[in-house]
Amino acid sequence: MRTGVSVEEARALVLEATPVLEPERVTAAEALGRVLAEAVVSGRTLPPADVSAMDGYAVRAADLARASAGAPVALRVVYEVAAGGAPERPLGSGEAARIFTGAPIPPGADAVVPQEEAQAAGEAARFRAPAAPGACVRPAGEDVREGERVLAPGERLGPAQIGMLAALGRTLVAVHRRPRVALLSGGDELVEPDEPAPPGRIVSSNSYTLAAQCREAGAEPAYLGIARDRPEALERLLRAGLHADVLVSSAGVSVGDHDYVRPVLEKLGCRLVFWGVRMKPGFPLAFGTFAEGRGPLVFGLPGNPVSAMVTFELFVRPALRKLAGHRALFRPTLEAVLDEPLRKSPGRAHFVRVALARRRDGIHAAPTGNQSSGVLRSMVLAHGLLVFAADAAELPAGARVRIHVIDPEWLAASEADA
Ligand code: AMP
Ligand code: MG
């Protein structure tokens, strides 16, 4: 086991040990946010035939070559073709067909004149201008051709991809399985949020934050409960989580007399890869695996609410995304101007919770008040995590800093104010 690794080393060790989960078949309707595990090759041409893009008249463009306002050309309207219908017969010279959006173009016709540009006149229609061949016609295969590769493995399925699957008749699709995460909390002081909290007890909020972080990352959390600070209690709950893809515990992973997570994990056969990451918040983070993948990836997160959240962000979330087949594992980062000076002693990287604001001279970052690892409010107010590098001691106001944007809504909403 390695101790006191850097954030970068820890991330690399986690991702190296993280596999990609096997595919499963789901309906396209349920596939939102999932990652495709197969290439999708079209068995169809879309649209399947040349179809009209407008309500109007299907014509032979050559018939209207001399049409003008002074000398309109009249064509005989010989039948009508509606969306979903079929042309009765090919159009001959001097003939037109009434046609509606989405209806197949009759053989012989090569253009559609929108109805606003024609005048109905009994059995005929009059045209005051030429029509270019192909005008208002959606050619067969304009969208997709049969045999064409439309979606690639590794692609995330959003609404457009799901609509495309439907258009291709692919109602079942292979996607990577969602990671299942077993969550547990530990500590004699903890009570569940819906229980009375007598003095001296702490409400266990971590199971709620961590379950929400799992869901936000596309994983399925299952909460196992609170393990009291006794090795047997902890062992019983940890054992219950061994069938998950990922086991996440919070607290009891430090060096206190009641911190049993590490020895109990080892007793269960978990091989600890590292313990302790040179960061703040979140130093006492443990990560382990089971030989030959015969057990979950195990994260022993620190108990402090902010430490648990930040270490989940930096290490668990990318692992969950890799398991689920994603290519992009990390949050977007951006550069911002720091509004207040920051100081620390060199040695650990600090992840300072910051609120972001878009101003005329760029994006500004301001720390969200008290940065203690017990102050969950610092996360509530945060849009991002500012990286204060391990070896640095000072960041003056006005410094350009790198931010991991942890609130995707901020990116979306802030564009509107700009
Ligand atoms: P520990 O890692 O066990 O030393 O816990 C560190 C701090 O985190 C203590 O103040 C605990 O009360 C607090 N803590 C541990 N687990 C939770 C939890 N599930 N929810 C909220 N706070 C917690
Ligand atoms: Mg504890």
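Where is Pro 47 placed? Pro 47 sits in the loop between strand E3 (40-41) and strand E4 (51-52). Keep that loop in mind for the part on unusual backbone spots. One thing to know before going further: this is a predicted model.

## The ligand and its pocket

Let's start with ligand 1. The space it takes up is the largest pocket. There are 14 residues around ligand 1, and those that come nearest are Glu 189, Ser 204, Ser 205, Gly 252 and Gly 303.

Now zoom in on some atom pairs. Glu 189 has a polar side-chain atom 2.7 Å from an oxygen atom of ligand 1. With Ser 204, an N or O atom in the side chain is 2.9 Å from a nitrogen atom of the ligand. Gly 303 takes part through its backbone: one of its backbone N or O atoms lies 3.2 Å from an oxygen atom of ligand 1. How much of ligand 1 does the protein bury? On its own, ligand 1 exposes 490 Å², and the protein buries 77% of that.

## Helix H3 and what it packs against

Helix H3 covers residues 206-216. Its buried residues are Asn 206, Ser 207, Thr 209, Leu 210, Ala 211, Gln 213 and Cys 214. An α-helix has 3.6 residues a turn, so residues three or four places apart point the same way. You can try that idea on Asn 206 and Leu 210, which are both among the buried residues of H3.

Which elements do the buried residues of H3 pack against? They pack against strands E14, E17, E18 and E22, and against helix H6. After H3 comes Gly 218, with a positive phi near 85 degrees.

## Leu 320, a residue in helix H6

Leu 320 belongs to helix H6 (residues 305-323). Is Leu 320 buried or exposed? Its relative accessibility is 0%, so Leu 320 counts as buried.

Some of its partners are far off in the sequence. Cys 214 is 106 residues away from Leu 320 along the chain, yet their C-alpha atoms are separated by 8.0 Å. Cys 214 is also one of the residues that Leu 320 contacts, once neighbours within four places in sequence are set aside. The rest of that contact list is Pro 179, Val 181, Ala 217, Ala 219, Val 246 and Phe 312.

## Helix H4

Helix H4 spans residues 231-240, and its buried residues are Ala 233, Leu 234, Glu 235, Leu 237 and Leu 238. What do these buried residues pack against? Their partners are strand E14 (180-186), strand E17 (220-227), strand E18 (246-250) and helix H5 (261-267). You met E14, E17 and E18 above, as partners of the buried residues of H3.

## Two buried residues to look up

Thr 289 is part of strand E21 (residues 286-289). Thr 289 has a relative accessible area of 8%, which means that it is buried. Not counting residues up to four places away in sequence, Thr 289 touches Ala 17, Gly 269, Cys 270, Arg 271, Val 273, Pro 296 and Leu 297.

Ala 382 is in a loop, the one between helix H7 (377-380) and strand E27 (384-388). Even in that loop, Ala 382 is buried, with a relative accessible area of 7%. Leaving out neighbours within four places in sequence, Ala 382 is in contact with Arg 353, Val 354, Thr 368 and Asp 407. Asp 407 is 25 residues from Ala 382 along the chain, and the two C-alpha atoms are separated by 7.7 Å.

## Unusual backbone spots

Most residues other than glycine have a negative phi, and most peptide bonds are trans. With that in mind, go back to the opening loop: Leu 46 and Pro 47 are joined by a cis peptide bond, with omega about -10 degrees. Another cis bond joins Lys 280 and Pro 281, where omega is about -5 degrees. Pro 281 lies in the loop between strand E20 (279-280) and E21.

Then there are positive phi values. Cys 136 has a phi near 55 degrees, and this residue is in the loop between strand E10 (124-127) and strand E11 (137-138). At 25% relative accessibility, Cys 136 counts as partly exposed. Glu 292 has a positive phi of about 55 degrees, although it is not a glycine. Glu 292 is in the loop between E21 and strand E22 (297-301), and with 70% relative accessibility it counts as exposed.

Definitions and conventions:
Residues are numbered from 1 along each chain as its sequence is written. Chains are lettered from A and ligands numbered from 1 in the order in which they are written. This is a predicted model: local features need pLDDT of at least 70, side-chain atom pairs count only at pLDDT 80 or more; totals for chains, interfaces and linings use all residues. Side-chain values use heavy atoms; hydrogens and water are left out. Helices (H or I, at least four residues) and strands (E, at least two) are DSSP runs, numbered from the N terminus. Buried means under 20% relative accessible area, exposed over 50%, partly exposed in between (1.4 Å probe, protein chains only). Contact means heavy atoms within 4.5 Å. A residue is near a molecule or strand if one of its heavy atoms lies within 4 Å of it. A polar contact is a pair of N or O atoms within 3.5 Å; within protein, one must be able to donate a hydrogen and the other to accept it, and residues adjacent in sequence count only if both atoms are side-chain atoms. Accessible areas come from the Shrake-Rupley method with a 1.4 Å probe; for residues, only the protein chains shown count as cover. On a 1 Å grid over the protein atoms alone, a cavity is a set of points where a 1.4 Å probe fits but cannot get out, and a pocket is an open set with protein on both sides within 12 Å along at least five of seven lines; lining residues have an atom within 4 Å of a point. A molecule sits in a cavity or pocket if more than half of its atoms lie within 2 Å of its grid points.
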